[in-house]
Amino acid sequence: MQDAPTPAKSKTLATWLAFLVGTLGLHRFYLYGWRDRLGWAMPVLTLIGLAGLRRVERYGQDDTLSWLLLPVLGFTVAGTMLQAILYGLTTDARWHARHNPGLTDPAMASHSGWAVVIAVVLALMVGATVLMATIAFSGQRYFEYQVEEARKISQ
C-alpha cells in the first residue's frame with residue numbers, strides 16, 4: 001500500500017498566513033505540522049502581549065508590568081511580518097527545494113505571483129510600523145522610569 005502524496009506547500013498561502021494570522025502560529029503549523037514548537041510559542045507570546053495591552057487599558061501607561069509585557073506583542077507581530085517577508089522573497093525554486101522536496105513533477109509546483117508581492121508589501125508596512133512603535137514605547141517608558149528613579153535618589 002502506497003502512502004498518499006503530500007500536497008505541495010504553497011508559498012502564497014504561507015506568506016498570507018504569516019501576514020494575517022502569524023501571531024497564532026498558523027503559518028508554522030501549515031509548513032512544519034502540529035509538532036512545531038515555535039508554532040505553539042507564537043500564541044503564548046501573543047497572549048502575554050495582549051495581557052500587557054489589557055493592563056495598559058486598565059492601569060494606564062505608568063504600570064511597570066504593562067510596559068514590560070506590551071513589547072512582547074509588538075515584537076511578535078514584527079517577527080511574523082518578517083517571516084511573511086522572508087517567505088514571499090524566497091525564490092520559487094528554493095521554496096520547493098525546502099518545503100516540497102518530494103515534488104517530482106514541475107507542473108505540480110505552484111508559482112508565486114502578485115498575491116505574494118502584495119502580501120510582502122503589506123507585511124513590510126505593518127511590520128515596520130509595529131516595530132518602530134514598539135521601540136518608541138519601550139524606550140520612552142524606560143527613560144521615564146530612569147528619570148523617576150533619579151528624582152527619588154536626589155531627594
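Start by selecting Val 56: is this residue buried or exposed? With a relative accessibility of 18%, Val 56 counts as buried, because the cut-off for buried is under 20%. Keep in mind as you click around that this is a predicted model.

Now colour the stretch around Val 56. You're in helix H3, which covers residues 37-59. Which residues does Val 56 touch, once you skip its neighbours within four places in sequence? Select Gln 61, Ser 66 and Leu 70, and you have its contacts. Try drawing a distance from Val 56 to Leu 70: from C-alpha to C-alpha you should get 8.3 Å, with their positions 14 residues apart in sequence.

Next stop: Ala 8. Look in the segment before H1 to find Ala 8. Ala 8 has 33% relative accessibility, so this one counts as partly exposed. Then pick Leu 103 as well. Ala 8 and Leu 103 are 95 residues apart along the chain, yet their C-alpha atoms are separated by 7.2 Å.

Time for helix H6, so select residues 114-154. How far apart are the end C-alpha atoms of H6? They are 60 Å apart, and that agrees with the span you'd expect, because 41 residues at 1.5 Å a residue should also give 60 Å.

Stay on H6 and show some side chains. The buried residues here include Val 116, Ala 119, Val 120 and Ala 123. Carry on along the helix and you'll meet Gly 127, Thr 134, Phe 137, Ser 138 and Arg 141, which are buried too. What covers them? Switch on helix H1 (11-21) and helix H4 (64-89), which are among the elements doing the covering.

Now zoom out and show the whole chain as a cartoon. You'll find six helices and zero strands. The radius of gyration is 20 Å, well over the 15 Å that the globule rule gives for 155 residues, so the chain is more spread out than a compact globule. Turn the model along its principal axes and the C-alpha atoms fill a box of roughly 80 × 35 × 25 Å.

Finish with the surface view. The accessible surface comes to about 10,100 Å², and 66% of that belongs to carbon and sulfur atoms. Of the 155 residues, 35% count as buried. Colour by charge and you can pick out 13 positive and 10 negative side chains, with the centres of the two sets 3 Å apart.

One last thing to try is a contact map. Among contacts between residues at least 6 apart in sequence, 64% join residues at least 24 apart.

Conventions. Residues numbered from 1 in each chain as written. Predicted model: local features only at pLDDT ≥ 70, side-chain atom pairs only at ≥ 80, totals over all residues. Heavy atoms only, no water. Helix = DSSP H or I, 4+ residues; strand = E, 2+ residues; numbered from the N terminus. Expected span 1.5 Å × (residues − 1). Buried < 20%, exposed > 50% of the residue type's maximum accessible area, 1.4 Å probe, protein only. Contact = heavy atoms within 4.5 Å. Rg over C-alpha atoms; globule rule 2.2 N^0.38 Å. Areas by Shrake-Rupley, 256 points an atom, 1.4 Å probe, with all protein chains shown as cover. Lys, Arg positive; Asp, Glu negative; His and termini not counted. Charge placed at Lys NZ, Arg CZ, Asp CG, Glu CD.
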